[in-house]
Amino acid sequence: ILDVGCGPGSWCIDLAQKYPKIQVVGVDHLDIFPSEHNIPSNCQLLVADALNGLREFPESSFDVVHLRFMALAFTVSQYLKVIKDCWRLLKPGGYIEILESDIKVYSAGPVTAKANEEISKVTQSRNYCPEELIQLIPAMISLTGLNTQIKYRSIPM
């Protein structure tokens, strides 16, 4: 299993502890990982920039690729490139899981509406368009994947 953008590796470590017979690899562009003695032997956390094509790994080397909460890390074109690279890394019959969150809070009061506006301004000033990206993910997956299943879940807050 490959986790792209794993941050401190918490998901990888939890998964490796729960399933000790699998191998879990997490990559992030920053080394914010815990000390090695806190990482299970079936888990590797590596510094690698997903925008460089994840060339550290040969084609068809993972059964599962996991990508989560990266809408604020990549532009739309960068995200598409990363998804294409993830497909390249999958073994035949492999599975990609992409989980993104809509960063806008709906039915917002005046304070939250103002926060929505400020977040939108900041992301646009950095050329990130998370709202657009989240809407485009189904089309990106259709362009790059074979069998796709897309689910949308609304979480009341």
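In this predicted model, Phe 69 sits in the loop that runs between strand β4 and helix α2 (76–89). Its backbone is a bit out of the ordinary: phi is positive, at about 55°, even though Phe 69 is not a glycine. Most residues other than glycine have a negative phi. As for its surroundings, Phe 69 is exposed, with a relative accessible area of 52%, a value that falls over the 50% cut-off for that label.

Leu 54 makes a handy partner for this story. Here too phi is positive, at about 50°, in a residue that is not a glycine. The loop in question is the one between β3 (43–47) and β4 (62–68). Leu 54, however, is buried, and its relative accessible area is just 1%. A third positive phi, of about 65°, turns up at Asn 127, just after helix α3.

That brings us to α3 itself. This helix covers residues 110–125, which makes 16 residues. From its first C-alpha to its last it reaches 23 Å, close to the 22 Å expected at 1.5 Å a residue. Which residues of α3 are buried? They include Asn 116, Ser 120 and Thr 123. Looking down the axis of α3, the buried residues fall within an arc of 70°, so they line one face of the helix. The general rule behind this kind of pattern is that an α-helix has 3.6 residues a turn, so residues three or four places apart point the same way. On the other side of α3, Pro 110, Val 111 and Ser 125 are exposed.

Strand β5 (residues 90–99) is where Ile 98 is found. Ile 98 is partly exposed, with a relative accessible area of 23%; the label applies because this value lies between the 20% and 50% cut-offs. Although Ile 98 and Leu 67 are 31 residues apart along the chain, their C-alpha atoms are separated by 4.8 Å.

Finally, there is a pocket to look at. The second largest pocket has a volume of about 260 Å³. It is lined by 16 residues, and the closest to its centre are Gly 5, Asp 28, His 29, Met 70 and Ala 73. What classes of residue make up the lining of this second largest pocket? Eleven are nonpolar, three are polar and two are charged.

Key: Residues are numbered from 1 along each chain as its sequence is written. This is a predicted model: local features need pLDDT of at least 70, side-chain atom pairs count only at pLDDT 80 or more; totals for chains, interfaces and linings use all residues. Side-chain values use heavy atoms; hydrogens and water are left out. On a 1 Å grid over the protein atoms alone, a cavity is a set of points where a 1.4 Å probe fits but cannot get out, and a pocket is an open set with protein on both sides within 12 Å along at least five of seven lines; lining residues have an atom within 4 Å of a point. Grid points are joined across faces, edges and corners, and a volume is the space filled by probe spheres set on the points. Ala, Val, Leu, Ile, Met, Phe, Trp, Tyr, Cys and Pro count as nonpolar, Asp, Glu, Lys and Arg as charged, and the others, Gly among them, as polar. Helices (H or I, at least four residues) and strands (E, at least two) are DSSP runs, numbered from the N terminus. The expected span of a helix is 1.5 Å times one less than its number of residues. Buried means under 20% relative accessible area, exposed over 50%, partly exposed in between (1.4 Å probe, protein chains only). The arc is that of the directions from the helix axis to the C-beta atoms.
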